[in-house]
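Trainee: Could you walk me through this one, step by step?
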Amino acid sequence: MENKDHNQNHQSEDLPQVLLLKPTPVMAVLGEHQFSSNKYQFLKAWESPLPLCQFLTKYANSIQAILCSGAASVTDDLLQLLPSVRLVVAASAGTNHIDLMACCRRGISVTNAGNVFSDDGADAAVGLLFDILRKISAADRYVRQGLWVKKGDYALGSKKKTFVSYPFYSNICELAADSDALIICCALTDQTRHMINKEVLSALGKEGVIVNIGRGAIIDEKELVRCLVEGEIAGAGLDVFEKEPDIPKQLLELENVVLSPHNAVFTPESFLALSELVVGNLEAFFSNLPLLSPVMDE
Amino acid sequence: MESIGVLMTCPPNFPYLVEELEKRFTLYKLQNAPDKTHFINSHKNSIRAVVGNAGFGADAELIDQLPKLEIVSSFSVGLDKVDLPKCKEKRIRVTNTPDVLTNDVADLAIGLMLAVLRRLCESDRYVRSGKWKKGDYKLTTKFTGKSVGIIGLGRIGMAIATRAEAFSCPISYYARTEKPDVKYRYYPSVIELAANCQILVVACALTEETHHIVNREVMNALGPKGVLINIGRGPHVDEPELVSALLEGRLGGAGLDVFEDEPNVPEPLFGLENVVLLPHVGSGTVETRKAMADLVVGNLEAHFFKKPLLTPVV
């Protein structure tokens, strides 16, 4: 144990260090070698026997960047302990686990997944929409349970609307009222937390469906479950939940709901593209070149 | 018109269609008859029309038993269950329900592609069974940009191509002859098409020539990373070969809405997570079935009022 710390100490004299508080899914799947570079080295907090505070204090001067995902928040308190940090690299599209205001105040740049997740995220949203409107998973269950033979043809699926243009709505209730399907793909911020509430769901109505590939907390989950159970909306396709991986029990029993385990962007293609982007951002940073996917303040 | 007899050879499951027919004609429901031969015999002199669907039509034997038959109006676009040459020979008109179901079937084809590649049904099962609490689901595979090969570029095939293009999928196709104004790449054989695409979709009519058009060789050419989507007819695909190709990993996956012997689906498929199985719901939406029923009734009315048929095939 002492040896490991000594080794890390020895290495820190050579290359700048990038802190990992917890393993990120993309690194866990692709392996650390996918992220290696001659411009930096990783410092993995969970591999140290030291308690986190001590660990951070020990390496405070050599940690210049943080690589993080949703599992480990980057808070103002954390940044306070790491005065040498100038860059936070999010291995995700979402940055709601990062205190962006604190980063801004401290002059710390933040990068995220840029566009690498866009195709897969959009495909998943459309997939969930198809699934919920045409009951693909439910009908697949029906066949596998032998019910097509026992009970006969499957019940008819649902409405669709001809789509003409992309009108802008500044009011989400009005958008919901005019839509058959509401797709959530925005960031989770203080403004968007529980943005989809009782009023919006009511405006969406008994024949409306909702798809969420953003963050669970954008929707008032309790209210969503109540609306689904009571038939106040027609259905939902959900990739994200307020307290993953815990799902409200009532959702597990509903036929008019499709659930996926926060894997809307989990394809090898996306993960490889993300690893390249992460390495690209880190290398650019340590070479004093412009960042590839900086998060801009809106 | 109440005296005109219409024989419904398919199960009378869609109330709207049954009601609209009963308003205008005397409807004979073959599936409800305990003795079908006797039933047909008893009413043959008043039956002037047959209404069938994808599963039940009018074969040569039935046509021969109905001396007063003038028109077959199918509640489907596929007419593989109607003996078309026999109808031609006897000057019996035949109508189907094209166009109104094109969008739904094409939507479902894309839905199946997404469901198979992104493992939507399996992911849903993963969450419901509580497995997510024990760990993340594995990676699936990207749909956007995958090459799509379409067998048959008719109304439905074109609608699938248009949709897949929105996902940046390069499109290629096989048809009996190359289509002049089409920008997609043509392959003169199904095997070559299968060898050159990642997702192969069956979207042609079922005829003697296209029976088992997707056979062992085609599936091998599509390969261990290839996915077969069938929204045509079960007999387009050699089903036992399909099962063994999937079980042996020679074919990467399949999204199937149709089967050789519906509603029976080969049970070895039930345990496979790279397969999505649907109970022939391609056109199964409320709006489309209503529009199909309106076409069936509309065609019959047109015929008996001596007006031009709405959607004649023969």
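Mentor: Sure, starting with a term: a salt bridge is a side-chain nitrogen of Lys or Arg within 4 Å of a carboxyl oxygen of Asp or Glu. This is a predicted model, where local features need pLDDT of at least 70, side-chain atom pairs count only at pLDDT 80 or more, and totals for chains, interfaces and linings use all residues. Residues are numbered from 1 along each chain as written, chains are lettered from A and ligands numbered from 1 in written order, and side-chain values use heavy atoms, leaving out hydrogens and water.

Trainee: How many salt bridges does the rule find across the interface of domain 1 and domain 2 of chain A?
Mentor: The domain bounds, from an automatic or database assignment, are 17-112 + 268-287 for domain 1 of chain A and 117-259 for domain 2 of chain A. Across their interface, the salt-bridge count is zero.

Trainee: Which residues of domain 1 of chain A lose the most area to domain 2 of chain A?
Mentor: Buried area is the accessible area (1.4 Å probe) that two parts lose on being put together, summed over both. These two domains of chain A bury about 500 Å² between them, 55% of it on carbon and sulfur atoms. On the domain 1 side, three residues together make up 68% of what that side buries: A:Ala93, A:Asn96 and A:Ser270.

Trainee: In strand 5 of chain B, what is the bridge partner of B:Val72?
Mentor: Strands here are DSSP runs (E, at least two residues), numbered from the N terminus, and two of them pair if DSSP finds at least two bridges between them. Strand 4 (residues 71-75) of chain B is joined to strand 5 of chain B by three bridges, running parallel. For B:Val72, the partner is B:Val94.

Key: Helix = DSSP H or I, 4+ residues; strand = E, 2+ residues; numbered from the N terminus.
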